[in-house]
Amino acid sequence: MTDPWSSGIVPSRDRPAEIDTSVAHPARVYDYWLGGKDNFAADREAAERVLAVTPGLRFRVQANRAFLARAVRFLATEAGIRQFLDIGTGIPTANNTHEVAQAAAPTSRIVYVDNDPIVLAHARALLTSTPEGATAYLEADLRDPGPILAEAARTLDFEQPVALMLIGVLHLVQDSEDPYDLVARYLAALQPGSYLAISHPASDIHVAAQAEAQKRYNERVSTPQTLRNHAEVTRFDGLQLVPPGVVYVHTWRADPGDEPAPEVTSAHGGVARKP
């Protein structure tokens with residue numbers, strides 16, 4: 001029998017889910033906002049309903065993607081991290097984690113995790129590693145850390161520091177599912193010197209428009225979202241925030257000359273170190 005890890009892809013433990021094109025999915029809606037083509041009519045309809053009340057949203061998702069690239073670049077260069085666990089990967093696009101990390105440090109090892117069958121269908125685009133490094137893709141749900149950590153350990157050495165990337169995904173975890181405990185369970189498996197990178201749509205920016213956008217999104221998309229304010233996004237005890245702390249994603253270590261339009265402001269983001 002062929003080992004699924006020989007291809008870098010770990011299938012779900014259950015029978016692979018069929019792609020339901022009649023219901024919008026977060027990864028595909030996000031892909032549409034980024035200008036991608038891996039989406040269906042239900043995704044486009046949901047995305048356009050949200051764009052109708054937040055016309056600057058395309059700029060905002062691009063700002064979030066740029067934050068991912070800058071955070072990974074910082075982690076691979078200044079922080080010296082060589083291992084990345086990227087959960088909520090989304091459909092491959094420009095500046096994927098392995099591309100940025102391995103451009104800075106070719107020995108970097110990356111495990112991607114997502115639970116959308118569409119992302120799985122494109123997973124091989126995430127597996128183009130340098131010869132010195134490694135990439136793998138795991139079909140799994142953020143809410144189940146045990147299997148994710150166990151499977152990721154086949155590529156990552158959890159005796160060494162790891163960067164846990166939770167970029168634009170925690171808003172899909174409801175308050176009733178205790179996102180703080182969930183993140184703590186992942187962090188407990190990481191060695192001191194590891195890092196956590198988070199971006200999260202904000203409830204305390206453009207309040208009326210954000211609330212209406214959330215309402216329209218939740219009416220159409222399979223997994224509802226919960227926006228959170230700055231204090232809620234920063235509430236992770238025992239971590240050391242990397243300057244400038246938790247800020248608007250487009251301002252976090254912005255590249256020289258960056259002057260984004262005001263409408264990109266919609267999400268908080270930051271990076272923190274486990275001491």
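**Exercise 1. Find the ring beneath the charged end of Arg-253, and then look for a second arginine placed over a ring.**

Solution. Start at Arg-253 in this predicted model. Its charged end sits over the ring of Trp-252, 5.5 Å from the ring centre. Next, go to Arg-235: here the charged end lies over the ring of Tyr-180, at 3.6 Å from the centre. Keep Trp-252 and Tyr-180 in mind, as both come back below.

**Exercise 2. Work out how the ring of Phe-74 is arranged against the rings of Tyr-195 and Trp-252.**

Solution. A pair of aromatic rings is described by two things, the distance of the centres and the angle of the planes.

Step 1. The count of aromatic pairs comes to four. Take Phe-74 with Tyr-195: the centres are 6.2 Å apart and the planes stand at 80°, so this pair is edge-to-face. The cut-off needed here is an angle over 60 degrees.

Step 2. Ask where the two partners sit. Phe-74 belongs to helix H3 (residues 57-77) and Tyr-195 to strand S6 (residues 195-201), so the pair ties together parts 121 residues apart in sequence.

Step 3. Check whether they are covered. Phe-74 has a relative accessible area of 8% and is buried; Tyr-195, at 9%, counts as buried too. The limit for this label is under 20%.

Step 4. Turn to Phe-74 with Trp-252. Their ring centres are 5.9 Å apart with planes at 85°, so this pair is also edge-to-face. Trp-252 is in the loop between strand S8 (247-248) and strand S9 (267-273), and the pair links parts of the chain 178 residues apart. Both Phe-74 and Trp-252 are buried.

Step 5. Put the rings together: Phe-67, Phe-74, Tyr-195 and Trp-252 form one aromatic cluster.

**Exercise 3. Locate the largest cavity and name the helices that each supply at least two residues of its lining.**

Solution. Rolling a probe the size of a water molecule over the atoms shows where empty space is left. The structure holds one cavity of 30 Å³ or more, and the largest cavity has about 60 Å³ of space. Its lining includes Tyr-180, Pro-179, His-200 and Glu-232. Helix H7 (179-188) and helix H9 (230-233) are the helices asked for. Tyr-180, then, lines this cavity and also carries the charged end of Arg-235 over its ring.

**Exercise 4. Describe the chain as a whole: what share of its 275 residues is buried?**

Solution. Buried residues make up 51% of the chain. Its secondary structure comes to nine helices and nine strands. Among contacts between residues at least 6 apart in sequence, 76% join residues at least 24 apart.

Note on methods. Residues are numbered from 1 along each chain as its sequence is written. This is a predicted model: local features need pLDDT of at least 70, side-chain atom pairs count only at pLDDT 80 or more; totals for chains, interfaces and linings use all residues. Side-chain values use heavy atoms; hydrogens and water are left out. Rings of Phe, Tyr and Trp (its six-membered ring) pair if their centres lie within 6.5 Å; planes under 30 degrees apart count as stacked, over 60 as edge-to-face and the rest as tilted. Helices (H or I, at least four residues) and strands (E, at least two) are DSSP runs, numbered from the N terminus. Buried means under 20% relative accessible area, exposed over 50%, partly exposed in between (1.4 Å probe, protein chains only). A charge sits over a ring if NZ of Lys or CZ of Arg is within 6 Å of the ring centre and within 35 degrees of the ring normal. Contact means heavy atoms within 4.5 Å. On a 1 Å grid over the protein atoms alone, a cavity is a set of points where a 1.4 Å probe fits but cannot get out, and a pocket is an open set with protein on both sides within 12 Å along at least five of seven lines; lining residues have an atom within 4 Å of a point. Grid points are joined across faces, edges and corners, and a volume is the space filled by probe spheres set on the points.
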